[in-house]
Amino acid sequence: MEKQLQDKARELLESGKADVIIGYGWNRDKSHTTPVFIKKAEDVGKLVFNKLCVNNLSVYLTRKYPDVYAMGKRAIVAKGCDIKNIVVMMSEGQLKRDEVHIIGVTCDGVIFDQDAWAKAEDGSADMGAELKDAVTATKCHNCDVRNPHLTDTLIGDKSNFTPPDEPVGFVFDKIKDIEKMDSRDKWQFWMGHFSRCIKCYACRQVCSLCYCERCISDKNMPQWIETSAHLRGNLAWNLIRAQHLTGRCTFCGECERACPANIPLNVINQKMSLVMGEAFDYKSGYDPKEHPPMIVFNPDEDKDDFIK
Ligand code: SF4
Ligand code: SF4
Ligand code: SF4
């Protein structure tokens, strides 16, 4: 698969169809992968794809990275879940279809717990189904895009995985647990987690759908959110961010992975996605021509008349 990927990257660079390949490469000691930006055909050997390719590289297609934009025509190595973010960016007018060459890679899942995986790989722990499940990201257990859905080039063997009818895994178990709580316990649950937020904004920076030129948290006239690492404003920041991602978040999981305070951001974002599914029969990231429900308004169809 890597050979296929490298050959395609070389072809794109040599033909001038791409000036930069945004992909994955090894870090120095091969303990994890890191984003790489390949501009010369002789460097394509640095491109890899494996279970450690967790990062959603679509963030490098946003206006947060003008230096990557300035590199010229971009091609990106993307898993199906990353492509969902690209699709949302297209549906929101942030990216045109012909502005990026998508090298879609078929995928069997990525892992977050690299230590556990390393032990299993070197034989010091048994790689049974249980361990495999424990280290594989929840999103992968529910994934319906292991065969990427929007590509210019497809790399890898077809996956025969069928996702479960109902979402499974820690995130969805937690949502069910919280739904059973009374409002006081729900409040305490979330305030307990939000109290650890240090407003580092890693969740925002890693998210390709948090692309506002000026985030509401940076506005100070008026100042909507207390931006310092203080308890004040933690609830506002986390709720505003969840609200701004409602109907848009694709469950790529990057915000929770980046959060140094281990706040279960996937739980809140996925709860909002379930609500959007029930209310609008909508799932984000599948159709670049379909706009997320929260950004469309049609006075003729709206059943409420308060805004007419
Ligand atoms: S969600 Fe799907 S495409 Fe994304 S890493 Fe998991 S299995 Fe691969
Ligand atoms: S909010 Fe988090 S899970 Fe959702 S798209 Fe952004 S980084 Fe991914
Ligand atoms: S990454 Fe975590 S700690 Fe940092 S601002 Fe986001 S929620 Fe708060």
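The following paragraphs describe the overall architecture, a central strand, two backbone features and the ligand surroundings of a predicted model.

The protein is built from 12 helices and 5 strands. Its C-alpha trace extends over about 60 × 50 × 40 Å when taken along the principal axes. The radius of gyration is 20 Å, which agrees with the value near 19 Å that would apply to a compact globule of 308 residues. Of these 308 residues, 35% count as buried, and among the contacts with a separation of 6 or more, 71% are made by residues that lie 24 or more positions apart.

Strand S3, which covers residues 74-78, is largely enclosed by the rest of the structure, because 5 of its 5 residues are buried. The residues Arg74, Ile76 and Ala78 point one way from S3, whereas Ala75 and Val77 point the other way, and burial applies to all of them. Such an arrangement follows the general pattern, in that the side chains of a regular strand alternate between the two faces of the sheet. Strand S3 is joined to strand S1 (residues 20-26) by 3 bridges, and the two strands run parallel; within this pairing, arginine 74 of S3 is the bridge partner of valine 20. Strand S3 also pairs with strand S4 (residues 100-105), again in the parallel sense, over 5 bridges, and here alanine 75 stands opposite histidine 101 of S4. The connection from S3 to S4 passes through helix H3, and the resulting β-α-β crossover is right-handed.

Two lysines have a positive phi despite not being glycine. For lysine 30, phi is near 55 degrees, and this residue lies in the loop between S1 and strand S2 (33-38). Lysine 30 has 9 C-beta neighbours inside 10 Å and therefore counts as exposed. For lysine 199, phi is near 50 degrees, likewise a positive value in a residue other than glycine, and the position of lysine 199 is in the loop between helix H8 (183-194) and helix H9 (202-206). Because lysine 199 has 19 C-beta neighbours inside 10 Å, it counts as partly exposed, the threshold for a buried residue being 20 or more.

Three ligands were examined through the residues that surround them. The shell around ligand 1 consists of Lys79, Gly80, Cys81, Cys107, Gly109, Val110, Ala137, Lys139, Cys140, Cys143, Val145 and Arg146. Helix H3 (80-91) and helix H6 (138-141) each contribute at least two residues to this shell, so that H3, through which the chain crosses from S3 to S4, also takes part in surrounding ligand 1. By class, the shell around ligand 1 comprises 7 nonpolar, 2 polar and 3 charged residues. Around ligand 2 there are 13 residues, of which Cys207, Cys249, Cys252, Glu254 and Cys255 come nearest; the shell divides into 8 nonpolar, 4 polar and 1 charged residues. Ligand 3 is likewise surrounded by 13 residues, with Cys197, Cys200, Ala202, Cys203 and Cys259 as the closest, and the classes in its shell are 11 nonpolar, 1 polar and 1 charged.

Terms used: Residues are numbered from 1 along each chain as its sequence is written. Chains are lettered from A and ligands numbered from 1 in the order in which they are written. This is a predicted model: local features need pLDDT of at least 70, side-chain atom pairs count only at pLDDT 80 or more; totals for chains, interfaces and linings use all residues. A residue is near a molecule or strand if its C-beta atom, placed from the backbone, lies within 6 Å of it. Ala, Val, Leu, Ile, Met, Phe, Trp, Tyr, Cys and Pro count as nonpolar, Asp, Glu, Lys and Arg as charged, and the others, Gly among them, as polar. Helices (H or I, at least four residues) and strands (E, at least two) are DSSP runs, numbered from the N terminus. The radius of gyration is taken over C-alpha atoms; the globule rule is 2.2 Å times the number of residues to the power 0.38. A residue is buried if 20 or more other C-beta atoms lie within 10 Å of its own, exposed if 12 or fewer, and partly exposed in between; C-beta atoms are placed from the backbone. Two residues are in contact if their C-beta atoms, placed from the backbone, lie within 7 Å. Two strands pair if DSSP finds at least two bridges between them. A crossover is right-handed if, with the strands pointing away from the viewer, the path from the first strand over the helix to the second runs clockwise.
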